[in-house]
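Ready to work through a structure by hand? Below are some short exercises, each with a solution that goes step by step.

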Amino acid sequence: MKKPIIGISGSMIVDQDSDIFAGYHRAYTNDDYIKSVSRAGGVPVMLPIVDNVDEITAQVELLDGLIMMGGHDVDPVLYGEEPNNKLGFIYPRRDAFDVALIKAAVDKKLPILGICRGHQILNVAFGGSLYQDLSEIPGCNLAHVQKNFCHEPIHNIKVIPTSKLAQLIGEEMRVNSFHHLAVKDIAPDFVATAFSNDQVIEAIEYAKDDQYIVGVQFHPEMMSANCEKAQNIFNGLIEEASKYKEASHGK
Ligand code: MN
């Protein structure tokens, strides 16, 4: 059987270093997502931000699995809030792309893994909300924006034993942390599956039917080269994508 094709949602970087191309827009995904998918036996495909929903649907047609990449803060207008003064850079064009991508992937019942922003926007796309800053959470006092190397863990998470995530990483893991937003109201049909010791939601998953949709607040792609549990999160997605491929077109 051919390897499953795994789409990675793209972002945009604006060239600021170059004299000639200052302001130039470059579509990209982070390389560690690509390597993590390859190590898991999937074929990584970058999905550039496009605006036309027909194109987004056609992008999803190519895939057996989807990763929603980390990055920008999510626009709070998507869950009906005004921006508070701690909100970081938002990119509504990317938000619209991500939400359309998720909807198209859900229609096709594709397995989905959301990471950091990807985890947050999954929750929002399904009707949940976010804390715009961790200072909104009573008792949140751990270092969720770490100052050590990004491949090194900083805080503990406890995982709900019956979750899909627990099958991949067990009931406890030390994870890295680069977020100042977090899931507030969990989307209908989703459950929280991991918490930090200061009760921040660190993972969610879809609980309505057997479609595989998992979100993690930390960054397993940054740890996966040297951390079996982090790599297992990608292995889990690729395993589901292989099943999807077999069931849908059997090649
Ligand atoms: Mn954290």
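**Exercise 1. Find which residue in strand 11 is the bridge partner of K158.**

Start with the partner itself: K158 pairs with F195 in strand 11. Keep in mind that this is a predicted model. Next, look at the strands involved: strand 8 and strand 11 run antiparallel and are joined by 3 bridges. Now turn to strand 12, which also runs antiparallel to strand 11, with 5 bridges joining the two. Here V191 stands opposite E205 in strand 12. The hairpin made by strand 11 and strand 12 has 4 residues between the strands, and Q199 takes a positive phi there, near 70°.

**Exercise 2. Work out whether strand 11 is mostly covered or mostly open.**

Count the buried residues: 5 of the 7 in strand 11 are buried, so to speak of the strand as mostly covered is fair, given that buried means under 20% relative accessible area.

**Exercise 3. Check the length of helix 3 against what its residue count predicts.**

Step one: helix 3 has 16 residues, and at 1.5 Å a residue they should span 22 Å. Step two: the C-alpha atoms at its ends are 23 Å apart, which agrees. Step three, look at what is tucked away: the buried residues of helix 3 are R94, D95, F97, D98, V99, A100, L101, I102, A104 and A105. Finally, see what comes after the helix: K109 follows, with a positive phi near 60°.

**Exercise 4. Say which residues touch the most other members of the largest nonpolar core, and which element gives the largest share.**

The core has 37 residues, and L66, L101 and F126 touch the most other members. Several elements supply at least two residues each: helix 2 (53–61), strand 5 (65–68), helix 3 (92–107), helix 4 (117–125), strand 11 (190–196) and strand 12 (201–206). Helix 3 gives the largest share, with 7 residues. Zoom in on L101: setting aside neighbours within four places in sequence, L101 is in contact with S9, L47, I56, Q59, V60, L66 and M68. There's also a second, separate core of 32 residues, which includes A40, I157, M173 and C227.

**Exercise 5. Trace the salt bridge that D98 forms, and decide whether its two residues are buried or exposed.**

The partner of D98 is R117, and their closest N and O atoms are 2.9 Å apart. D98 sits in helix 3 and R117 in helix 4, 19 residues apart, so the pair links distant parts of the chain. For burial, check the relative accessibility: D98 is at 0% and counts as buried, and R117 is buried too, with a relative accessible area of 0%. One more residue joins in: D95, D98 and R117 are linked in a network of salt bridges.

**Exercise 6. Say how many salt bridges the structure holds, then look at two others.**

There are 10 salt bridges in the structure. Take R26 and D15: their side chains meet at 2.7 Å, N to O. R26 is in strand 3, while D15 is in the loop between strand 2 (11–14) and strand 3. R26 counts as partly exposed at 36% relative accessibility, but D15 counts as buried at 11%.

Now take E81 and K184, whose closest N and O atoms are 2.8 Å apart. E81 lies in the loop between strand 5 and helix 3 and K184 in the loop between strand 10 and strand 11, so this pair ties together parts 103 residues apart in sequence. E81 counts as partly exposed at 23% relative accessibility, and so does K184 at 25%.

**Exercise 7. List what coordinates the manganese ion, and see what the site ties together.**

First, the donors: H144 (ND1), H155 (NE2), S177 (OG), H179 (NE2) and E202 (OE) coordinate the ion, at 2.3 Å. Along the sequence, their spacing reads H-x10-H-x21-S-x1-H-x22-E. Next, pick two of them: H144 lies in the loop between strand 7 (130–131) and strand 8 (155–159), and S177 in the loop between strand 9 (172–175) and strand 10 (182–183), so the pair ties together parts that are 33 residues apart in sequence. Both H144 and S177 are buried.

Methods. Residues numbered from 1 in each chain as written. Predicted model: local features only at pLDDT ≥ 70, side-chain atom pairs only at ≥ 80, totals over all residues. Heavy atoms only, no water. Donors = N, O, S within 2.8 Å, 3.2 Å for Na, K, Ca; no water. Buried < 20%, exposed > 50% of the residue type's maximum accessible area, 1.4 Å probe, protein only. Core = buried A, V, L, I, M, F, W, Y, C linked by side-chain atoms within 4.5 Å. Contact = heavy atoms within 4.5 Å. Salt bridge = Lys/Arg side-chain N within 4 Å of Asp/Glu carboxyl O. Expected span 1.5 Å × (residues − 1). Pairing = 2+ DSSP bridges.
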